[in-house]
Number of protein chains: 2
Amino acid sequence: MPVDPKVPGSVWTRPSRPQREQLTREQIVAATIELLDAEGVGTLSMRKLGTRLDAAATSLYRHVANKDELMELVVDDIYGELEIPAAGGPADWRAATTRAAAGLRAMALRHPWIAPELGQAGLAHVGPNTMRVSSELLALFEAAGFPAQEKDRAMGTLMAYVIGIATSEAAYLSLIARSGRTESEWVADQRPRFDEASQEHPRLREGSSARQDVNPKKIRDDDFAYGLDRILDGLAARLDA
Amino acid sequence: MPVDPKVPGSVWTRPSRPQREQLTREQIVAATIELLDAEGVGTLSMRKLGTRLDAAATSLYRHVANKDELMELVVDDIYGELEIPAAGGPADWRAATTRAAAGLRAMALRHPWIAPELGQAGLAHVGPNTMRVSSELLALFEAAGFPAQEKDRAMGTLMAYVIGIATSEAAYLSLIARSGRTESEWVADQRPRFDEASQEHPRLREGSSARQDVNPKKIRDDDFAYGLDRILDGLAARLDA
DNA sequence: GCAAGGCGCGTACGGTGTGCGCTAGCCTGA
DNA sequence: TCAGGCTAGCGCACACCGTACGCGCCTTGC
């Protein structure tokens, strides 16, 4: 016999509300990040998030205006993980910048779903951590000796590069993760398919076949470092002029 | 008197199928691009796309495996718009690369929804146009004199930068477009909000307030050119060594 | 001891992508 | 010439989605 939920049980039989501690914004953000890390951005839903917090989906809306705003909060929270080295003198500018860039990339690879969001962020998001990171990065370029009109551009160049490369790395790693294979296995699996597709573009094959036996993670690390070094070379040259 | 659609009208009264010309993959891709250009990626749905083609949403699935595959086709189709200058000698390498980068950025700004997709693409998509563009770009770096092990990396560096910067530009422009204002109006509107938010990070304000009265489009163009020049400087230096 | 406000929740609405199986027209082969 | 199979479009249905709304409980401040 189904009970009509409209008519609550008697005061005696009905348990008092399970005394849940209140939902908080921090809790919601933290749970969202766990869920995103575990399953990626495509399958995040307010209902799943609610379930994970033992709450109804609609309860979340007391603490967060909507899903987009939640994503903004989440992105800013992740930026909180980032430590930018303190600005030293012009001498260690390059080392500091390199470490900052590596930290940003590492952050994006720890949370592969975040890279596309970072790209979207730019001027629109003005969360506290985002601003702190920007400000600290800017300080690095300032200490390096970039004039006021240029430090913004120098930073923008670096950020565009790191976000760009991290986005494709993250997409690639997510794809592999979904396939259930290791990176090396996946690369080996895909080679015939890729070779066939690139049959009429032999130039595309050279690079990949030359590095066929190298650990793919090392390739990615080296590629990242290569581009970063070139960009810092270019910026350093500008500094000397 | 409502007609039960389960019972089709008699053969005589029921019109023969309206002789629509067949749906084709090309048609679907073209319509998708129109829809995306007009309304952005967030509101694209298979049903809307069907309506635009005078077809049921489910009919599209005869020609396209699913929405993700459709997006891959669309991305590759857009890559078809791109003309990469032919590889000349080492002399005009820099000019050619600059033009290629500008073309890629222009493409991404013409179709602001594409930038995030480009980031995701990387190795996963192997459409014909994508491969042609990669191959032609690679030829540019080869002609410039980069050794076989390095031309891939040089290209990757450039692509990461252009995609990174275009992604945030595109996101920003889409935001403005949705607000219904012009870019200059929007910038002026946002200034107080931004100033307040950056109160405790004065460094963030310097750059933006210094350029307060410059045409924002020109700022974006100049910023892009600045980073591109630095990167090409860095790559050129490597070439000389 | 009571009023007010904050919070969680049930329900509901208008979407989404897409699997399934029917139908009708076309092409093929006998 | 005609039967039979193949194909493309479609209606329906399913399992989701984000989120507006309003009810009632619980806590807080007086």
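**Charge over ring.** I looked up Arg230(A) in this predicted model and found its charged end over the ring of Tyr226(A), 4.7 Å from the ring centre. I then turned to the other chain, where Arg230(B) lies over the face of Tyr226(B), at 4.7 Å from the ring centre.

**Relation of the two chains.** I superposed the copies next: chain B can be laid on chain A with an RMSD of 0.1 Å by a turn of 180° and a shift of 0.0 Å along the axis. The two copies are thus related as by a two-fold rotation axis. I also noted that both copies use the same surface, since 100% of the contact residues of chain B recur in chain A.

**A threonine in helix 7.** I picked Thr157(A), which lies in helix 7 of chain A, and asked myself whether Thr157(A) is buried or exposed. With a relative accessible area of 1%, Thr157(A) is buried, because the limit for that class is under 20%. Leaving aside residues up to four places away in sequence, I listed its contacts as Ile231(A), Tyr161(B), Tyr226(B), Gly227(B) and Ile231(B). I note that Tyr226(B), one of the residues touched by Thr157(A), is also the residue whose ring face lies under Arg230(B).

**Aromatic pairs.** I counted ring pairs over all chains and arrived at eight aromatic pairs. I examined Tyr172(A) and Trp186(A), whose pair is edge-to-face, at 5.6 Å centre to centre and with 85° between the planes. Tyr172(A) belongs to helix 7 (residues 148-179) of chain A and Trp186(A) to helix 8 (residues 183-197) of chain A, so the pair ties together parts that are 14 residues apart in sequence. I checked burial for both partners, and Tyr172(A) is buried, as is Trp186(A). Elsewhere in chain A, I found Trp93(A), Phe141(A) and Phe146(A) linked into a cluster by ring pairs.

**Helix 7 of chain B.** I compared the length of this helix with expectation: its 32 residues (148-179) should span 46 Å at 1.5 Å a residue, and the end C-alpha atoms are 47 Å apart, which agrees. Just after helix 7 of chain B, I found Gly180(B) with a positive phi of about 80°.

**Helix 6 of chain B.** I repeated the length check on helix 6 (residues 128-144) of chain B, whose 17 residues reach 24 Å from first C-alpha to last, close to the 24 Å expected at 1.5 Å a residue. How many of the 17 residues of helix 6 of chain B are buried? I obtained 12, so the helix is largely enclosed by the rest of the structure. Among the buried residues I listed Met131(B), Arg132(B), Val133(B), Leu137(B), Leu138(B), Leu140(B) and Phe141(B). I then traced what the buried residues of this helix pack against: in chain A the partners are helix 8 and helix 9 (202-210), and in chain B they are helix 3 (67-79), helix 4 (93-110), helix 7 and helix 10 (216-240). Just after helix 6 of chain B, Gly145(B) takes a positive phi of about 115°.

**Positive phi outside glycine.** I looked up Asp54(A), which is a residue other than glycine and yet has a positive phi, near 55°. Asp54(A) sits in the loop between helix 2 (46-52) and helix 3 (67-79) of chain A, and is exposed, with a relative accessible area of 67%. I checked the other copy as well: phi of Asp54(B) is likewise positive, near 55°, in the loop between helix 2 (46-52) and helix 3 of chain B. At 67% relative accessibility, I counted Asp54(B) as exposed.

**UniProt record.** I consulted the unreviewed UniProt entry, which places the feature "domain: HTH tetR-type" at residues 22-82 of chain A. Over residues 22-82 of chain A, I computed 57% helix and 0% strand, with the end C-alpha atoms 29 Å apart. The unreviewed entry also places the feature "DNA-binding region" at residues 45-64 of chain A. For residues 45-64 of chain A, I obtained 35% helix and 0% strand, and the end C-alpha atoms lie 14 Å apart.

**A serine in helix 9.** I closed with Ser209(A), which is found in helix 9 of chain A and counts as partly exposed at 37% relative accessibility. From Ser209(A) to Gly164(A), I obtained a C-alpha to C-alpha distance of 24 Å in space, for residues 45 apart in sequence.

Technical notes
Residues numbered from 1 in each chain as written. Chains lettered and ligands numbered in written order. Predicted model: local features only at pLDDT ≥ 70, side-chain atom pairs only at ≥ 80, totals over all residues. Heavy atoms only, no water. Phe/Tyr/Trp six-rings, centres within 6.5 Å; stacked < 30°, edge-to-face > 60°. Helix = DSSP H or I, 4+ residues; strand = E, 2+ residues; numbered from the N terminus. Buried < 20%, exposed > 50% of the residue type's maximum accessible area, 1.4 Å probe, protein only. Lys NZ or Arg CZ within 6 Å of the ring centre and 35° of its normal. Expected span 1.5 Å × (residues − 1). Least-squares fit on C-alpha atoms with pLDDT ≥ 70 in both. Contact = heavy atoms within 4.5 Å. UniProt positions renumbered as here; feature names shortened; annotations may be inferred.
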